[in-house]
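Biologist: I would like to learn how to read packing and pairing from a model. Could we go through some features one by one?

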Amino acid sequence: MYIKRAIENTIKELGKSFPCIVIYGARQVGKSTTVDYIFGDKYKKVTLDDIEDRTLAESNPKLFLETYGFPLIIDEIQKVPTLLDEIKKIIDEQRLKWLKNNSKRELMYVLTGSNKFELQQGISDSLAGRCGIIEMSSFTQVEKDKIKSNPFNPDLQNLLNLEKNTKSKYKTLREVFENVFMGGMPDVCTKVSEREAYFKAYVNTYIEKDVKKLIAASSEMQFRNFLSILALRTASELHYDEIATNVGIDVRTCQKWISILETSGIIYLLHPYMANKSNRIIKSPKLYFLDTGLCNFLCKWPNAEMLENCAMNGAFFETYVVSEIIKNMYSFNKDPKSYLFYYRDKDQKEIDLLYVDQANIYPIEIKKGIMPNKPTKNFNVLKKYGLNIKPGLVINNCEKIRPINEAAYYYPVYLLGA
């Protein structure tokens with residue numbers, strides 16, 4: 001069963017501007033399925049998982065591309081990055097033909113890949129200016145609920161308008177944690193795979209196909225332990241030395257492994273908001289898993305009820321909210337690193353999330369409880385930046401948007417992305 005993705009329109013629109021599209025994303029988040037749904041009836045498709053096609057692409061990339069022609073979907077393009085140089089030549093030749101004939105451009109290639117490490121340099125060197133790049137993630141909550149997605153924007157009037165027209169239904173805290181426990185992986189959400197078996201196989205496949213070539217063979221068990229230790233620190237500041245000590249590796253190796261996880265779409269690093277006017281900001285990023293189902297599996301919580309009542313419930317709720325916002329931004333081709341930050345200074349004043357849009361700054365607190373104690377107490381520390389501080393949000397499990405004070409409004413978690 002195909003579930004409509006919010007990113008479909010983004011892919012189609014980008015296809016009007018570039019002769020090539022590259023879609024990144026963690027393994028099994030639905031890249032190939034979505035591309036096939038959009039283009040499958042008009043485009044030929046080849047996957048480089050196929051050993052015969054991969055062998056031809058490696059030995060004779062020109063013949064490979066001549067054999068399949070275009071428009072063409074190439075899945076797992078990172079397996080043969082040398083194809084990118086040949087794709088560049090074909091695109092440049094076709095551009096000249098379009099120019100001479102005054103013809104309309106068309107989308108020639110759709111490339112998907114799950115390993116940015118192996119692709120980033122090739123894309124930069126060969127396809128710069130010739131391709132649109134999209135990041136794709138697992139399902140958001142509104143996609144799972146089969147509701148139309150809208151771009152997240154914390155402007156109050158925008159949120160009130162969306163609330164008025166939404167078809168999203170209120171979820172109890174237990175239902176929210178069922179969502180957190182399940183995560184957004186398509187095979188789990190559509191019940192194609194049993195959850196526990198799926199994530200066990202997912203971790204094994206990820207390590208076998210994406211990680212083994214980047215780490216020493218003797219480090220595989222340490223890397224598995226590293227994954228679990230990181231999962232227990234989701235929604236926390238990232239301290240490389242502390243994690244390295246716990247895993248039994250040096251700090252440089254820890255930094256490399258973190259980079260592998262971030263580049264492959266498993267985790268996201270949320271950076272602190274920095275400005276020249278202040279040198280009292282703690283500079284460590286905060287770490288979040290992008291799929292709460294995978295994070296929960298690594299933490300070994302057996303069901304949603306125990307997750308809701310465990311000591312980490314606040315961290316998982318925060319991870320859920322932040323990952324939903326990030327995934328929403330990916331769906332609408334917005335770079336979260338240009339908008340999303342957190343704040344914490346050496347006086348321990350902290351704000352969970354800042355949404356910065358040009359000269360405007362929106363403080364956001366994330367609270368599992370419905371009536372948190374003084375949730376906006378630190379919003380005033382932002383005045384020193386000289387930006388326009390907009391009414392902020394306290395995202396929790398309330399039923400509707402309502403004011404707390406002049407500085408902020410309660411915002412229901414079930415409305416995220418709706």
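**Contacts, helices and sheets**

Modeller: Start with one residue, Leu-238: apart from neighbours within four places in sequence, Leu-238 is in contact with Ile-243, Ile-258, Leu-269, Ser-284, Pro-285, Lys-286 and Leu-287. Keep in mind throughout that this is a predicted model.

Biologist: Where does Leu-238 lie, and is Leu-238 buried or exposed?

Modeller: Leu-238 is in the loop between strand 6 (236-237) and helix 13 (240-247). Its relative accessibility is 3%, so Leu-238 counts as buried. One of its contacts is Pro-285; the two are 47 residues apart in sequence, with 5.7 Å between their C-alpha atoms.

Biologist: What is the relative accessible area of Gln-255?

Modeller: The value for Gln-255 is 38%, which means that Gln-255 is partly exposed. Gln-255 belongs to helix 14 (residues 251-263). The C-alpha atoms of Gln-255 and Tyr-240 are 6.7 Å apart, although 15 residues separate the two along the chain.

Biologist: How should I read the packing of two helices?

Modeller: Packed helices are described by two values, the angle between their axes and the distance between the axes. For helix 12 (residues 220-231) and helix 14, the angle is about 70 degrees and the axes are 12 Å apart. Helix 12 is therefore roughly perpendicular to helix 14.

Biologist: Which residues make that contact?

Modeller: Helix 12 contributes Gln-222, Phe-223, Phe-226, Leu-227 and Leu-230, and helix 14 contributes Cys-254, Trp-257, Ile-258 and Leu-261. Sorted by class, the contact between helix 12 and helix 14 has eight nonpolar residues, one polar residue and no charged ones. Ile-258 also appears among the contacts of Leu-238.

Biologist: At what angle do helix 15 and helix 17 pack?

Modeller: Helix 15 (residues 292-299) and helix 17 (residues 313-331) pack at about 155 degrees, with 10 Å between their axes. Angles over 145 degrees count as roughly antiparallel, so helix 15 and helix 17 are roughly antiparallel to each other. The crossing of helix 15 past helix 17 is right-handed. On the helix 15 side, Thr-292, Cys-295, Asn-296 and Cys-299 meet Phe-316, Thr-319, Tyr-320 and Ser-323 of helix 17. This contact of helix 15 with helix 17 has four nonpolar, four polar and no charged residues.

Biologist: And how is a sheet read?

Modeller: Strands of a sheet pair through backbone hydrogen bonds, in either a parallel or an antiparallel manner. Here, one open sheet has three strands in the order 6-8-7, with antiparallel pairing. Strand 6 and strand 7 are its edges, as each pairs on one side only. Strand 6 is joined to strand 8 by two bridges, and Ser-236 stands opposite Leu-287 in strand 8. Helix 17 packs on this sheet, where it touches strand 7 and strand 8, and its direction makes about 80 degrees with that of strand 8.

Biologist: How many bridges pair strand 7 with strand 8?

Modeller: Strand 7 (residues 267-270) and strand 8 (residues 286-289) pair over four bridges, in the antiparallel sense. Ile-267 stands opposite Phe-289 of strand 8. Ile-267 and Leu-269 point to one side of strand 7, Tyr-268 and Leu-270 to the other, and all are buried.

Biologist: What is the strand order of the five-stranded open sheet?

Modeller: The order is 2-3-4-1-5, and the pairing is parallel. Its edge strands are strand 2 (44-47) and strand 5 (131-136). On average, neighbouring strands of this sheet are turned by 15 degrees against each other, direction ignored. Strand 1 (residues 20-25) and strand 5 pair over six bridges, with Met-136 in strand 5 as the bridge partner of Gly-25. Helix 1 (residues 7-15) packs on the sheet and touches strand 1 and strand 5; its direction makes about 170 degrees with that of strand 5.

Biologist: Which residue in the turn between strand 10 and strand 11 has a positive phi?

Modeller: Gln-358 has a positive phi of about 55 degrees, in a hairpin with two residues between strand 10 and strand 11. Five bridges join strand 10 to strand 11 (residues 360-366) in antiparallel fashion. Strand 10 (residues 350-357) has six of its eight residues buried, so strand 10 is largely enclosed by the rest of the structure. Strand 10 also pairs with strand 9 (residues 340-344), antiparallel over four bridges. The hairpin of strand 9 and strand 10 has five residues between the strands, and Gln-348 there takes a positive phi near 70 degrees.

Technical notes
Residues are numbered from 1 along each chain as its sequence is written. This is a predicted model: local features need pLDDT of at least 70, side-chain atom pairs count only at pLDDT 80 or more; totals for chains, interfaces and linings use all residues. Side-chain values use heavy atoms; hydrogens and water are left out. Axes are lines fitted to C-alpha atoms, for helices over the stretch in contact, and angles run from 0 to 180 degrees between N-to-C directions. Angles under 35 degrees count as roughly parallel, over 145 as roughly antiparallel, 65 to 115 as roughly perpendicular and the rest as oblique. A crossing is left-handed if the near helix is turned anticlockwise from the far one by less than a right angle, and right-handed if clockwise. Contact means heavy atoms within 4.5 Å. Ala, Val, Leu, Ile, Met, Phe, Trp, Tyr, Cys and Pro count as nonpolar, Asp, Glu, Lys and Arg as charged, and the others, Gly among them, as polar. Buried means under 20% relative accessible area, exposed over 50%, partly exposed in between (1.4 Å probe, protein chains only). Two strands pair if DSSP finds at least two bridges between them.
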